[in-house]
Amino acid sequence: MANQRLHVIATAPTSPSLHSSFRRYVKMLHTINNSPLLKEEWNKFQTLDRSSPLRRQTSLNCPNGQRSSTQPTSVHKLRAGDIDVIAALGDSLTAGNGVLAWTVIGCLTEYRGRSWSIGGDNDYLSGTTTLPNIMKQFNPNLIGASTGSGNANSAGANLNVAVAGAIAQDMPTQARNLVNKLTSDSRIDLEKDWKMVTLFIGGNNLCDFCSDLIAHSAETMIANVAEALDILRDNIPRLYVNLLEIFDISPIAGLGDGIICGLVHGAVCSCGTGSGADKAAISELSRAYQIAVRDLVESGRYDGREDFTVVTQSFFRETTPPAKSDGSPDLSYFAPDCFHFSEKGQNIAGRALWNNLIEPLGAKSIDWGLDQSVRCPMTTYLPTKQNS
């Protein structure tokens with residue numbers, strides 16, 4: 001069966017070309033790096049305190065979630081410790097762009113090992129609260145997490161197939177790439193091992209929506225996400241999918257009014273930094289994306305299987321850029337480009353994803369809760385529509 005699946009998707013391309021918003025972003029970073037005046041402004045900007053001490057954690061001693069005594073055959077009776085393999089699809093936020101950057105060009109480095117949903121560098125006890133590091137508290141033999149830095153084709157990428165600059169239209173290709181990786185990995189028993197995939201996409205579509213309203217409509221976005229999910233469903237048995245809602249991109253212009261932030265925002269998200277009308281439109285489209293994700297999952301398209309489910313995780317729905325006590329944006333949560341997540345932001349997102357994952361359906365958080373701690377599972381099994 002594994003070989004048959006591999007044959008179905010063997011002709012998939014390995015990576016998409018850069019899309020317009022990300023090309024502008026790359027060009028702007030090189031422009032800043034090559035301009036003495038702009039580079040001087042960047043260096044001044046870097047005197048801001050962006051460091052954030054990692055909050056050390058204590059071991060999770062949770063009665064729920066520990067690995068089952070016998071391997072479950074139903075996704076509705078799946079515990080956190082039963083997950084053997086973890087993977088992720090997405091864009092530069094999942095690739096980890098700029099997480100540890102202190103230079104202009106450093107923001108182009110993909111620190112996949114620190115990615116909130118798939119990074120495996122350091123460990124949970126040291127304070128690197130990525131989803132895999134938390135889940136290793138329940139199954140230390142979990143495989144698939146990214147390590148180090150590099151693009152989607154690097155050895156350390158492991159099962160992180162996210163590509164910086166990707167849009168929803170790239171999700172079917174990423175799904176095929178993931179199937180190829182899973183079916184060719186000798187460590188994985190495709191038929192027996194339980195797998196978890198996190199899919200998060202839409203930011204680059206939103207940031208470029210004003211260039212093509214059809215290509216970046218909610219209908220086009222969700223059609224491509226559904227195609228990717230269909231590929232995963234049809235080729236990967238024993239799979240639990242986290243499908244995340246996108247956050248409202250419109251507040252991005254408030255992340256800093258200095259020259260560096262302004263230049264980067266204008267390049268990477270021009271549709272969100274234009275007129276008030278554009279900001280209102282991008283906010284409305286963000287909500288349309290969120291609703292489309294929920295409607296897809298609620299449609300029943302992915303119901304009825306004992307070995308496959310898709311669950312909406314909603315903690316980004318009302319998440320807004322953190323602010324300091326004086327109301328100014330707290331840039332310590334963001335990389336030096338004022339757009340991607342810093343190590344601090346990645347760890348907050350990882351904790352929020354885990355907590356969302358273990359919350360029952362109908363009672364999931366809708367923001368990332370900056371002060372929340374890593375919680376123990378509330379129920380024995382990972383929530384699905386059937387067991388909730």
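This briefing walks through the sheet, the core, the salt bridges and a few individual residues of the structure above. The model is a predicted one, so please read every value here as computed from it. Its strands form an open four-stranded sheet with parallel pairing, its largest nonpolar core counts 112 residues, and a search of the whole structure turns up 16 salt bridges.

**The sheet**

- Going across the open sheet, the strand order is β1-β2-β3-β4, and the pairing is parallel.
- At the edges sit β1 (83–89) and β4 (308–313), each of which pairs on one side only.
- From one strand to the next, the twist averages 20°.
- On the β1 side, six bridges connect β1 with β2, and the two strands run parallel.
- Within that pairing, I83 is found opposite W194 of β2.
- Although β1 is an edge strand, it is mostly covered, with seven of its seven residues buried.
- On the β4 side, strand β3 (residues 239–244) is joined to β4 by six bridges, again in parallel.
- One of the residues to look at here is L244, whose bridge partner in β4 is Q313.
- As general background, side chains in a regular strand alternate between the two faces of the sheet.

**Q313, a polar residue in the sheet**

- Q313 belongs to strand β4.
- Is Q313 buried or exposed? It counts as buried because its relative accessibility is 0%, below the 20% limit for that class.
- Beyond its sequence neighbours up to four places away, Q313 touches Y240, N242, L243, L244, E245, L353, N356, L357 and K364.
- That list includes L244, the bridge partner of Q313 mentioned above.

**The nonpolar core**

- Which residues touch the most other members of the largest nonpolar core? They are W116, L178, L229, L232, L243, F316 and W354.
- Helix α8 (residues 218–235) supplies the largest share of this core, nine residues.
- F316 has contacts, apart from neighbours within four places in sequence, with W116, F200, L244, E245, I246, F247, Q290, F341, A349, I366 and W368.
- Among those contacts of F316 is W116, which is also on the list of core residues touching the most other members.
- In general terms, nonpolar side chains of soluble globular proteins tend to be buried together.

**Salt bridges**

- R114 and D121 form a salt bridge whose closest N and O atoms are 3.8 Å apart, and both residues are buried.
- R233 and D234 meet through their side chains in a salt bridge at 3.0 Å, N to O.
- D234 counts as partly exposed because its relative accessibility is 47%.
- E359 pairs with R375, with 2.4 Å between the closest N and O atoms.
- Both E359 and R375 lie in the segment after α11 (343–358), so this pair ties together parts that are 16 residues apart in sequence.
- The burial of the two partners can be read off in turn: E359 counts as buried at 3% relative accessibility, whereas R375 counts as partly exposed at 26%.
- D230, R233, D234 and R301 are joined into one network by salt bridges that share partners.

**S92 and its polar partner**

- S92 is located in helix α4 (residues 92–95).
- With a relative accessibility of 3%, S92 counts as buried.
- What does the side chain of S92 make a polar contact with? The partner is the side chain of H340, at 2.7 Å.
- Not counting residues up to four places away in sequence, S92 touches F22, N97, V163, A164, G165 and H340.

**D193, just before β2**

- D193 sits in the loop between α6 (171–184) and β2 (194–199).
- Its relative accessible area is 14%, so D193 is buried.
- Leaving out neighbours within four places in sequence, D193 is in contact with Q71, D84, V85, R187, I188, P237 and R238.
- Two of these contacts, D84 and V85, carry numbers that fall in strand β1 (83–89).
- How many residues apart in sequence are D193 and N64? The answer is 129, and their C-alpha atoms lie 20 Å apart in space.

Terms used:
Residues numbered from 1 in each chain as written. Predicted model: local features only at pLDDT ≥ 70, side-chain atom pairs only at ≥ 80, totals over all residues. Heavy atoms only, no water. Buried < 20%, exposed > 50% of the residue type's maximum accessible area, 1.4 Å probe, protein only. Contact = heavy atoms within 4.5 Å. Pairing = 2+ DSSP bridges. Axes fitted to C-alpha atoms, helices over the stretch in contact; angles between N-to-C directions. Polar contact = N/O pair within 3.5 Å; in protein donor to acceptor, adjacent residues only side chain to side chain. Core = buried A, V, L, I, M, F, W, Y, C linked by side-chain atoms within 4.5 Å. Salt bridge = Lys/Arg side-chain N within 4 Å of Asp/Glu carboxyl O.
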